[in-house]
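Here are a few notes to read alongside the structure, written as numbered points. Please keep the model open as you go through them.

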Amino acid sequence: MNFSEVFKLSSLLCKFSPDGKYLVSGRGAWAEGGPSAGRRLSLPGGGDPGSGERGGRWARMEGARGSAGVGPGQASCVQYRLVVRDANTLQIRQLYTCLDQIQHIEWSADSLFILCALYKRGLVQVWSLEQPEWHCKIDEGSAGLVASCWSPDGRHILNTTEFHLRITVWSLCTKSVSYIKYPKACQQGITFTRDGRYLALAERRDCKDYVSILVCSDWQLLRHFDTDTQDLAGIEWAPNGCVLAAWDSCLEYKILLYSLDGRLLSTFCAYEWSLGIKSVAWSPSSQFLAVGSYDGKVRILNHVTWKMITEFGHPATINNPKIVVYKEAEKSPPLVLGRLAFPPPRAAAGPLSSTESKYEVASVPVSLQTLKPAPDRANPRIGVGALAFSPDSCFLATRSDSVPTAVWIWDIQKLRLLAALEQLSAVRCFQWDPRHARLAICTGGSKVYLWSPAGCVSVQVPGEGDFQVLSLCWHLSGDSLALLSKDHFCLCFLETEQGVGTAFGQRGDHT
């Protein structure tokens with residue numbers, strides 16, 4: 001494994017472009033002056049949104065590069081930069097300056113534009129990679145902004161106003177504006193089909209839940225139907241775009257499957273009078289739907305009858321000898337007399353995450369560390385809080401919030417537990433390699449963990465100080481992995497059949 005040098009980062013904002021050529025990250029910087037003035041094309045404001053007018057909102061196409069300009073009498077202000085790098089060499093390709101702190105970034109599907117959401121100001125800024133002088137700014141005005149995302153065509157932006165009063169659809173080509181009323185404030189209220197043709201939207205009107213299906217080409221309503229839910233919590237299309245899953249809040253266990261034309265295909269309820277669904281995930285093949293519950297079990301539904309074919313539990317003790325249990329163990333370096341310092345250096349005095357570790361295969365029975373939930377607090381730490389299928393749909397990775405240090409790997413072909421990984425710290429994030437059956441895990445320490453059917457490995461992130469990996473994301477090819485800490489990020493290049501990925505300014509070679 002090769003590691004790049006460390007680069008500055010803010011708010012864990014770092015994403016690869018969909019085509020895999022670029023890596024974008026956000027970081028704060030000090031600059032003098034304010035935003036430069038440029039050629040502006042403003043849409044008229046005022047009027048009622050229902051009359052087709054802009055309702056106090058406008059879009060500006062600016063002829064400035066977004067760099068800070070210095071004017072007489074202007075005071076210092078904080079500017080925030082967006083850095084676009086080459087994904088292979090990590091050289092800077094573009095540098096943009098936004099008007100305020102960036103709280104969300106998103107690539108367009110064709111990797112030509114970057115959306116930056118500034119929720120505190122109610123602003124969205126859009127940058128072009130092909131034409132750096134082109135700049136779009138969308139101001140939602142007094143309505144505010146709580147969410148922003150691209151449409152699948154990469155030419156429309158969907159902004160959700162405060163209190164979820166409505167969704168505004170902005171066109172970058174025609175500068176036209178469309179409105180979608182009654183969006184529901186829920187866990188996952190907007191979902192697009194994989195081919196980008198349809199949008200499903202969760203709605204709440206007249207104290208009842210609805211789902212609207214719209215055509216993304218002209219934003220016309222295709223289907224509108226009510227859902228048999230008390231409090232709709234989320235919706236998600238199957239990867240093939242043929243079935244829409246909708247599930248109720250945690251107070252009632254209910255998941256409903258709808259066809260594209262709004263017909264109810266099936267309803268599944270595992271139990272009643274207890275906390276219900278906590279997480280949902282489709283397999284990439286659309287053949288399975290995994291439903292994680294507060295009772296600590298994952299139930300797998302099949303795509304033929306939409307009935308449960310099996311359920312996976314997360315017991316505190318593993319007794320089956322066919323299950324491989326990997327336990328992370330500390331591998332402290334030997335102490336050398338005469339080289340000890342008091343007080344110890346900052347790196348040595350830090351948490352145990354800075355020490356090296358390795359995996360050991362434990363002998364069954366194995367007892368895992370469990371947490372006892374606090375009965376007097378909301379959102380108890382119980383149930384299956386995270387689950388994800390491998391890209392070939394052969395494996396399922398899960399994490400039970402009552403066993404926060406363990407990751408469970410299930411064999412979907414044999415419908416059994418294949419392996420369990422017990423870490424020294426609570427698991428913060430895990431993500432599958434988009435091309436291979438390989439899982440990356442981070443726990444907030446200075447190591448990254450990789451599992452594959454061949455085994456697993458603990459890798460120390462090199463460098464001075466303690467690089468705490470809080471999140472991670474894979475490159476499209478699966479050849480590299482971005483490791484994100486609070487203020488920095490680096491790239492981890494994995495070995496491939498063609499060789500080892502390279503980058504300028506590599507810091508080390510570790511296996």
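1. In which strand does Phe395 lie? Phe395 belongs to strand β35. Please bear in mind throughout that this is a predicted model, so the confidence values in point 8 deserve a look as well.

2. Is Phe395 buried or exposed? With a relative accessible area of 11%, Phe395 falls under the 20% cut-off and therefore counts as buried. Its contacts, leaving out residues up to four places away in sequence, include Ala388, Phe389 and Ser390. Further along the chain, Phe395 also touches Ile409, Trp410, Asp411, Ile412, Leu418, Trp432, Ala437, Trp451 and Pro453. One of these partners, Leu418, is 23 residues away along the chain, and its C-alpha atom is separated from that of Phe395 by 8.9 Å.

3. The rest of β35 is worth a look too. The strand spans residues 395–400, and six of its six residues are buried. Which residues point which way? Phe395, Ala397 and Arg399 point to one side of β35, while Leu396, Thr398 and Ser400 point the other way. Both sets are buried, and that includes Arg399, Thr398 and Ser400.

4. Now for the strands that pair with β35. Five bridges connect β34 and β35 in the antiparallel sense, and within this pairing Phe389 has Leu396 as its bridge partner. The two strands make a hairpin with five residues between them; in that turn, Ser393 has a positive phi of about 65 degrees. On to β36: β35 pairs with it over four bridges, again antiparallel, with Thr398 opposite Trp408. A hairpin of five residues makes the connection from β35 to β36.

5. How does this fit into a sheet? β35 is part of an open sheet of six strands, in the order β32-β31-β37-β36-β35-β34, with mixed pairing. The edges are β32 (357–362) and β34 (384–389), each of which pairs on one side only. On average, neighbouring strands are turned by 20 degrees against each other, direction ignored. Within the sheet, β36 (residues 406–411) and β37 (residues 416–422) are antiparallel partners joined by six bridges. Trp408 appears here again, this time opposite Ala420 in β37.

6. Which residues have the most contacts inside the largest nonpolar core? They are Val298, Ile318 and Leu396, in a core of 23 residues. At least two core residues come from each of β27 (288–293), β28 (297–302), β34, β36 and β37. A separate core has 21 residues, including Ala397, Ala437, Leu439 and Trp451. In soluble globular proteins, nonpolar side chains tend to be buried together. As for Val298, its contacts beyond four places in sequence include Leu396 and Thr398 of the chain segment discussed above, along with Val384 and Leu387. Others on its list are Ala290, Val291, Gly292, Thr310, Glu311, Phe312 and His314.

7. Elsewhere, there is another sheet to compare by eye. Four strands form an open antiparallel sheet in the order β18-β19-β20-β21. Its edge strands, β18 (190–192) and β21 (220–226), each pair on one side only, and the twist averages 20 degrees from one strand to the next. Strand β20 (residues 208–215) is joined to β21 by six bridges, running antiparallel; Val211 has Phe225 of β21 as its bridge partner.

8. Finally, the chain as a whole. It has zero helices and 47 strands, and 52% of its 511 residues are buried. Of the contacts between residues at least 6 apart in sequence, 50% join residues at least 24 apart. The exposed area is about 23900 Å², with carbon and sulfur atoms supplying 51% of it. The mean pLDDT is 85, and 82% of the residues reach 70 or more. Two stretches call for caution in reading: residues 345–353 have a pLDDT below 50, with 11 contacts in the model beyond near neighbours in sequence. Residues 499–511 are also below 50 in pLDDT, with 39 such contacts.

Terms used:
Residues numbered from 1 in each chain as written. Predicted model: local features only at pLDDT ≥ 70, side-chain atom pairs only at ≥ 80, totals over all residues. Heavy atoms only, no water. Pairing = 2+ DSSP bridges. Axes fitted to C-alpha atoms, helices over the stretch in contact; angles between N-to-C directions. Core = buried A, V, L, I, M, F, W, Y, C linked by side-chain atoms within 4.5 Å. Buried < 20%, exposed > 50% of the residue type's maximum accessible area, 1.4 Å probe, protein only. Contact = heavy atoms within 4.5 Å. Areas by Shrake-Rupley, 256 points an atom, 1.4 Å probe, with all protein chains shown as cover. pLDDT = per-residue confidence, 0-100.
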